[in-house]
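Here are some exercises to work through with the coordinates open beside you. Try each task before reading its solution.

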Amino acid sequence: MVHDFSPFLIQFSDTFGVRWYGLSYIMGFIAAYLLMVWLSHRQRTEMNSELVGDFITYIAIGTLVGGRLGYCLFYSPDLFTKFKESFPYWGVLAVNEGGMASHGGMIGITVACLLFARKHHLNVLHLFDLVTISGPIGVFFGRIANFINGELVGRPAPPDFPLAVKFPQDMWSWAGEDLGKFRDITGIVEKLGVSRDQWNQLLERFTLSGEARNEVYEIVTKIINEIQNGNTAIKTEIAPFLIARYPSQLFEAVGEGLLVFLILFFLWRRPRKSGFIASMFCVLYGIFRIIGEQFRMPDAHIGFQLFGMTRGQWLSIALVAIGLFLMFWWSRTTTMVTQGWGKVHSIKLSRK
C-alpha cells in the first residue's frame with residue numbers, strides 16, 4: 001500500500017485548511033472533558049462540570065507548551081538558539097520543525113495539575129489520576145493523525161508483511177542519503193512538466209545551490225500532492241522506489257492509546273488510593289512506548305543510541321522507573337481514596 005492520505009480534512013489552499021493533526025488535539029480534549037465529567041459524577045468527587053472545563057483549559061496549555069518545549073529539549077536543543085527574520089522568528093515557535101514530544105507534554109500536564117490544585121485547593125493526586133486515565137484517548141487520536149500525516153514512520157518491514165505501508169514522504173530523506181534515488185524518478189518528474197535535462201541540471205547543482213535545492217523540494221512536494229489528490233498513475237510509478245514500512249503509528253495508537261486506556265479504566269472500576277492510576281499510567285505507557293519504538297524509525301538527526309535503543313525508549317525506561325517509585329511511595333503515604341466507577345459507595349474526600 002502506498003500512503004495517499006491528505007493531512008487536511010478541509011483544505012482552502014496549498015498550505016491552509018483544517019488539518020487532522022490539529023483536529024486530533026481538539027477531539028482528545030473533548031473526549032477528556034466528557035470522561036472526566038462522567039467520572040466526577042460517578043465517583044462523587046468535588047469536580048463539577050464547570051471546574052472540569054477550567055481544568056481542561058489548564059491541561060490544554062500544559063500539553064501544548066510542555067510538548068513543544070519537550071521536543072526542543074529532548075530532541076533538538078538547537079531550536080532554542082535558532083532565529084530567523086520571518087514568522088514565527090524563533091525556532092521554538094516553529095512547530096512545523098519537529099513538532100511535539102509526548103514526554104514533554106506529560107511534564108507540562110504535571111505542572112498544570114499542580115497549579116490548578118493549588119488554585120482550587122484540590123487533591124493533586126486525584127487530578128493526576130483524572131488526567132492520566134483520559135490522556136491515552138488523546139494519544140490514540142494523535143497517533144492516528146501521525147499516520148495520516150505520513151510522519152514518525154516505521155522501520156522497514158519484511159516484503160511479505162501484510163500491513164506494510166510505503167510513504168511518499170520518504171523522498172524528503174533522499175537528499176541526505178543518495179541523490180541517485182532522485183534520478184530514478186525522472187520519468188515521474190517529466191509528467192509534472194519538468195524536462196529530463198532540467199531535472200538533471202537541478203540535481204547536479206543540488207549540493208551547491210540553495211535555489212536548486214528549493215526547486216527539487218518543490219517538485220517533491222508536487223509529487224506528494226498529486227498522490228494525495230488521487231493521481232493513481234504517479235502513485236503506481238513511485239511505489240517501486242519506496243521502502244515498505246511498519247505502520248508504527250497505528251501500532252502505537254493501539255498500544256499507547258487504546259490498550260493503556262482500557263487497562264486503566266478497568267482498574268479504576270474499584271476504589272483506589274489517589275495516585276495509583278497515575279503511577280500505573282507511567283508504567284503502562286512506558287512499556288507500550290518501548291515496544292512501539294521497536295517498529296518506529298528514530299529521529300533522523302539523532303539515530304539509534306546506547307544498546308541500539310532510541311531516545312524515546314530511554315525516556316520511557318525512565319518513565320517506567322518513575323511510575324514504579326511513585327506507586328510504592330504513594331501507596332505508603334496517601335490516605336485519600338477515590339470511589340471506583342463500577343459500584344457507587346459513599347466516600348468522604350478531603351481537601352488536601
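**Exercise 1. A charged network**

Which residues are linked with Glu293 in a network of salt bridges?

Solution. Bear in mind that this is a predicted model.
- Step 1: Begin with one pair, Glu293 and Arg296, whose side chains meet in a salt bridge with an N to O distance of 3.4 Å.
- Step 2: Widen the search, and Glu252 and Arg289 join Glu293 and Arg296 in the network.
- Step 3: Check the surroundings: Glu293 and Arg296 are both buried. To earn that label, a residue must have under 20% relative accessible area.

**Exercise 2. Bridges across the sequence**

Find how many salt bridges the whole structure holds, then work out what parts of the chain are tied together by Arg143 with Glu256, and by Glu237 with Lys191.

Solution.
- Step 1: Searching the whole structure gives nine salt bridges.
- Step 2: One of them joins the side chains of Arg143 and Glu256, at 3.2 Å from N to O. Arg143 belongs to helix H4 (residues 124–149) and Glu256 to helix H11 (residues 248–267), so this pair ties together parts 113 residues apart in sequence.
- Step 3: Arg143 and Glu256 are both buried.
- Step 4: Now take Glu237 and Lys191, which form a salt bridge with their closest N and O atoms 2.8 Å apart. Glu237 sits in helix H10 (residues 232–238), while Lys191 is in the loop between helix H7 (186–190) and helix H8 (196–204); this pair links distant parts of the chain, 46 residues apart.
- Step 5: Glu237 counts as partly exposed because its relative accessibility is 29%, and the partly exposed class lies between 20% and 50%.

**Exercise 3. Rings and their neighbours**

Classify the geometry of the Phe307 and Trp314 pair: stacked, edge-to-face or tilted?

Solution.
- Step 1: Count the aromatic pairs in the model, which come to 28.
- Step 2: For Phe307 and Trp314, the ring centres lie 6.2 Å apart and the planes make an angle of 40°. Planes under 30 degrees apart count as stacked and those over 60 as edge-to-face, so the rest are tilted. The Phe307 and Trp314 pair is therefore tilted.
- Step 3: Compare exposure: Phe307 is exposed, with a relative accessible area of 68%, whereas Trp314 is partly exposed at 30%.
- Step 4: Look next for a cluster. Ring pairs link Trp172, Trp174, Phe182, Trp199, Phe206 and Tyr217 into one.
- Step 5: Finish with a charge over a ring: Arg269 lies over the face of Phe266, 4.0 Å from the ring centre.

**Exercise 4. A hairpin**

How many bridges join strand S1 to strand S2, and how many residues lie between them?

Solution.
- Step 1: Strand S1 covers residues 8–11 and strand S2 covers residues 17–19; they run antiparallel and are joined by three bridges.
- Step 2: As an example, Ile10 has Val18 in S2 as its bridge partner.
- Step 3: Five residues lie between S1 and S2, and the two strands form a hairpin.

**Exercise 5. The whole chain**

Describe the protein chain by its secondary structure, its span and its contacts.

Solution.
- Step 1: The chain has 13 helices and six strands.
- Step 2: Its C-alpha trace spans about 80 × 50 × 40 Å along the principal axes.
- Step 3: Of the 352 residues, 46% are buried.
- Step 4: Among contacts with a separation of 6 or more, 73% are between residues 24 or more positions apart.
- Step 5: The chain exposes about 17,900 Å², and 64% of that comes from carbon and sulfur atoms.

Terms used:
Residues are numbered from 1 along each chain as its sequence is written. This is a predicted model: local features need pLDDT of at least 70, side-chain atom pairs count only at pLDDT 80 or more; totals for chains, interfaces and linings use all residues. Side-chain values use heavy atoms; hydrogens and water are left out. Rings of Phe, Tyr and Trp (its six-membered ring) pair if their centres lie within 6.5 Å; planes under 30 degrees apart count as stacked, over 60 as edge-to-face and the rest as tilted. Buried means under 20% relative accessible area, exposed over 50%, partly exposed in between (1.4 Å probe, protein chains only). A charge sits over a ring if NZ of Lys or CZ of Arg is within 6 Å of the ring centre and within 35 degrees of the ring normal. Two strands pair if DSSP finds at least two bridges between them. Helices (H or I, at least four residues) and strands (E, at least two) are DSSP runs, numbered from the N terminus. A salt bridge is a side-chain nitrogen of Lys or Arg within 4 Å of a carboxyl oxygen of Asp or Glu. Contact means heavy atoms within 4.5 Å. Accessible areas come from the Shrake-Rupley method with a 1.4 Å probe; for residues, only the protein chains shown count as cover.
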